[in-house]
Amino acid sequence: MIDWKLDGFLPTERQPAPVLESADDRDVLFARGAAAAIDLFVCYVLIEFPLIYALSLAFSEPYEELGGYVVVLSLLALLPIYATYSFVLEWRYGRTPGKVNRDLLVVMADGRPCTYHASALRNLLRYVDLLGVPPLVIGAVSALLTDGRRLGDHAAETVVVRSTAPTDRDAAVSADADTSAAARAGENGES
């Protein structure tokens, strides 16, 4: 039971088919916000918080001297962690756990899988999207005034779209089984 629940967050090698028509859908824009919140939570709780805890144990005296600045420093450290996390997962799997949960997929504008270069560019330009007072003004305005794409998406020629992943457990299991059987047949030289 828990495995099926976690599957709603874990990206797999086999990317679902993109629905390119959904690129400029406003619902995708809201789903992107929810996916970002999930991913930020994952980055902070599973990556950064354990690092902060380990550093506080290893360097307790300097850590205590920082006092309230620890919170500010941890939030500043979260940005490159989040950008790296997004870069690797979008390049490798086309989506992050938050995007998996919201049924989103990052692809090139023509529907091909997101490339290394495109993922790097779109995530580096995430810093530009964060500019403004309050933060995210530039990214939000860009997405609202155009076809739902951030500045990073425009520069990298990527789109975030809905995916056609199986929605029930049996379809997902059979899709993975079919892929695994096909991969095994190809490895054994069978056709």
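In this predicted model, C114 is buried, since its relative accessible area is 6% and the cut-off for burial lies at under 20%. C114 belongs to the largest nonpolar core, a set of 10 residues that also takes in V28, A31, A35, L104, V106, M108, A118, A156 and V160. Two elements give two or more residues to this core, namely α2 (26-58) and β2 (104-108). A second core lies apart from it and has six residues, including C43, L78, Y85 and L89. Here C43 counts as buried because its relative accessibility is 0%. As for cysteine pairing, the structure holds zero disulfides.

Within the largest core, V106 offers a helpful view of the surroundings. Beyond its neighbours within four places in sequence, V106 is in contact with C114 and V160, and also with E90, G94, K99, R122, T158 and V159.

Helix α6 (residues 116-124) comes next, and its buried residues are A118, S119, R122 and N123. Viewed down the axis of α6, these buried residues fall within an arc of 120°, so they line one face of the helix. This is the pattern to look for in a helix, because an α-helix has 3.6 residues a turn and residues three or four places apart therefore point the same way. H117 and L124, by contrast, are exposed on the other side of α6. The packing partners of the buried α6 residues are α2, α4 (69-93), β2, α7 (126-129), α9 (151-156) and β3 (158-163).

Helix α4 can be checked against its expected length. With 25 residues at 1.5 Å a residue, α4 should span 36 Å, and its end C-alpha atoms are indeed 36 Å apart, so the two values agree. The buried residues of α4 are V70, S74, L78, Y82, A83, Y85, S86, F87, L89 and E90; of these, L78, Y85 and L89 are among the members of the six-residue core. The cover over the buried residues of α4 includes α2, α3 (60-66), α5 (97-101), β2, α6 and α7. Just beyond the end of α4, G94 adopts a positive phi of about 80°, and G94 is also one of the contacts of V106.

Finally, strand β3 contains S163. S163 is buried, as its relative accessible area is 12%. Leaving out residues up to four places away in sequence, S163 touches P16, A17, V19, R95, D103, L104 and L105. Among these contacts, L104 is itself a member of the largest nonpolar core.

How values were computed
Residues numbered from 1 in each chain as written. Predicted model: local features only at pLDDT ≥ 70, side-chain atom pairs only at ≥ 80, totals over all residues. Heavy atoms only, no water. Core = buried A, V, L, I, M, F, W, Y, C linked by side-chain atoms within 4.5 Å. Buried < 20%, exposed > 50% of the residue type's maximum accessible area, 1.4 Å probe, protein only. Helix = DSSP H or I, 4+ residues; strand = E, 2+ residues; numbered from the N terminus. Contact = heavy atoms within 4.5 Å. Arc of directions from axis to C-beta. Expected span 1.5 Å × (residues − 1). Disulfide = S-S within 2.5 Å.
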